[in-house]
Amino acid sequence: MYNANGQGSAATKPKVLIIGWDGATFDLIEPWVKEGRLPTLARLMNEGAWGRLRSTIPAHSGPAWATFATGLLPGRHGVYYFVGPSRDSQFFRPVSADSIQGRPMWDLLSEQGKSVGVINVPLTYPTRPVNGYMIAGIFAPDAPSAFWPAELHDEVTKACGEYVVEVYGKLNRRATFDAILFAINQRLKVTEYLMDHHPVEFLTVVFRMLDSIQHKFWADMDPHHTLHKEPGDTAIPDAILRCYQTLDTALARLIEKAGPEATVILISDHGFRGEYRRLAINKWLQDNGLLALQRGSASLMGRLIGLAKQLGLHKTLGNLVRVAGGARYRRSLAQRQNLIYRTIDWTRTQVVYGPNYGLNINLQGRDPQGIVTAAEYEALRDRLITGLLELRDPSTGLPLVAAVYRREEVYSGDAVDLAPDLVLKMAEYETNGRRWGFGLDSNPAAWQLVTLPTLRMSGDHSPDGIFLARGPHVRPGQVEGWQIADIAPTALYAMGVPVPAAMEGVVRSELFDPAYVAANPVAFAEVDLGVDGQAALVTAGDQASVVEQRLAELGYL
């Protein structure tokens, strides 16, 4: 393995192995386990500990994986989505590892002399030196730049083939499915190679593929979904099941390679459910006089984009605009995405729903063209909460919005000022044993208030992820009340190092045998969990353009 100086050391088995399945949900796992389709998960549930794992608010990969890494909640680490408010003319910019205002557990372990391996955890680009190795996850610009130390890339590529950071690109649905299964097997191959040739004491690897496949193929699986019979590319009804089964097989191999003395933890950052309708929230703001669009060509272009997206013609429109616009259109996605926000007349706009999963008030003294005064702020939030909770789906009469939180109701810490002013929780329901709910469309130029989702995003996140564990000291049985913030302090305890007292997560010592806990009491330490200097709010420059392009390819923008 590599230590901080890049030197090799004697082989060792991992003491703790944490495997992440982005978006995994017991809503699918439990029935498939009962049907015998997921034997490795069945064995873990029978012989180990398991239960639901509450995600962050919002239940999104950006804040959730940052919380997993740091043991801090968003109000402390400052990440609320894959983008954050830039408080400048760009309105929103993507976040990166530099945006996280907290120190990940692998940094703390490195300082304690523990060897670590980190593979494909989201928001780990740009990479940083650790006492071991790191391969960055989603949004790394390319595979070579994802590796630390840099020479590890050539070694891994030579042994395993080209590393797949994420499945990007506008592929047809069959090609997307095939690429996702290939990426799972390739990540397994790389992880096994590193376990054999660069063993570490602490290893974590994340498979994000479930998130992508559940976003794209939920309607194929769900006969009650509003898009289940939608014409288009050939449906793959078992796509999600086959992804779980491929991961189940990979899990068995990783557990075997880790050995019986390792504590193996399997988690997801959030759960999943079907998305049956979408609320065009910025249209609602516009209808209520709270958001205004500019007059002229920019506004017309925004409306054309909005209409094309709702009709499923946005690719065709984009091709026409590229041909007509030539080099002027070949700009970064940052500029194209912000074109929509540039259609907004900020001198007449009080609030906008942004791609940071919340309502952002255009506040005087904070935002570049703020018009809402401090005296008007609370009354406006009250009005928004009341109006949103009254919204109903016109086809069913069901509430669209389950809750609207003032940011200080759900967050605390030095980074609360980066949070949206109001955070929404969309309504969820259950029909025929399958969870479903409403999603959000942020386009301010939408033509309808409640729309159908797209096949690209027919599934969406739900708050409850998964937790499973096995190991020599793990007590079998079902656990309750776990949150994703609990993973970092519990993993540090399992590694035998002091837990920073400032972590917001809890050491879940009840996971382990009482005799083991009595012999190894939890030790806390006063550790500075901040970062050196001021954390960067957002990613800038060319990297921002790459990240935004990939956000769009994954359906987040």
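The lining of the second largest pocket divides into 14 nonpolar, five polar and five charged residues. The model described here is predicted. In this model, the volume of that pocket is about 400 Å³. A total of 24 residues line the second largest pocket. Those nearest its centre are Thr-56, Ile-57, Pro-58, Ala-59 and Pro-463. Three elements give two or more residues to this lining: β14 (422-426), β16 (434-441) and β18 (459-462).

Enclosed space was examined next. A probe the size of a water molecule, rolled over the atoms, shows where empty space is left. Six cavities of 30 Å³ or more are present in the structure. The largest cavity holds about 160 Å³ of space. Its lining comprises 18 residues. Closest to the centre of the largest cavity are Ala-97, Pro-104, Trp-106, Leu-123 and Thr-124. Helices α3 (61-70) and α5 (105-111) each supply at least two lining residues. The greatest contribution comes from α3, with four residues. By character, the lining of the largest cavity divides into 12 nonpolar, four polar and two charged residues.

Aromatic contacts form a further theme. Two quantities describe a pair of aromatic rings: the distance of the centres and the angle of the planes. The count comes to 19 aromatic pairs. In one of them, the ring centres of Tyr-81 and Phe-82 lie 6.4 Å apart. Their planes stand at 50°, so this pair is tilted, as tilted pairs have planes neither under 30 degrees nor over 60 degrees apart. Both partners are buried. The relative accessible area is 8% for Tyr-81 and 0% for Phe-82.

A second pair joins Trp-218 and Phe-272. Here the ring centres are 6.1 Å apart. The planes meet at 25°, so the pair is stacked, because planes under 30 degrees apart count as stacked. This pair links distant parts of the chain. Trp-218 belongs to helix α8 (residues 209-221). Phe-272 belongs to strand β10 (residues 271-280). The two residues are 54 apart along the chain. Trp-218 is buried, with a relative accessible area of 1%. Phe-272 is buried too, at 0%. Elsewhere, one aromatic cluster is formed by Tyr-276, Tyr-429, Trp-436 and Phe-438.

Helix α6 (residues 151-160) was considered in terms of its faces. Its buried residues are Leu-152, His-153, Val-156 and Cys-160. Viewed down the axis of α6, these residues fall within an arc of 100°, so they line one face of the helix. The face turned away from the buried side carries Asp-154 and Lys-158, which are exposed. The buried residues of α6 are covered by several elements, including β6 (132-135), β7 (147-148) and α7 (173-197). After α6 comes Gly-161. The phi of Gly-161 is positive, near 95°.

Definitions and conventions. Residues numbered from 1 in each chain as written. Predicted model: local features only at pLDDT ≥ 70, side-chain atom pairs only at ≥ 80, totals over all residues. Heavy atoms only, no water. Phe/Tyr/Trp six-rings, centres within 6.5 Å; stacked < 30°, edge-to-face > 60°. Buried < 20%, exposed > 50% of the residue type's maximum accessible area, 1.4 Å probe, protein only. Arc of directions from axis to C-beta. Contact = heavy atoms within 4.5 Å. 1 Å grid on protein atoms, 1.4 Å probe; cavity = no way out; pocket = protein on both sides within 12 Å on 5 of 7 lines; lining within 4 Å. Points joined across faces, edges and corners; volume = space filled by probe spheres on them. Nonpolar A, V, L, I, M, F, W, Y, C, P; charged D, E, K, R; others polar.
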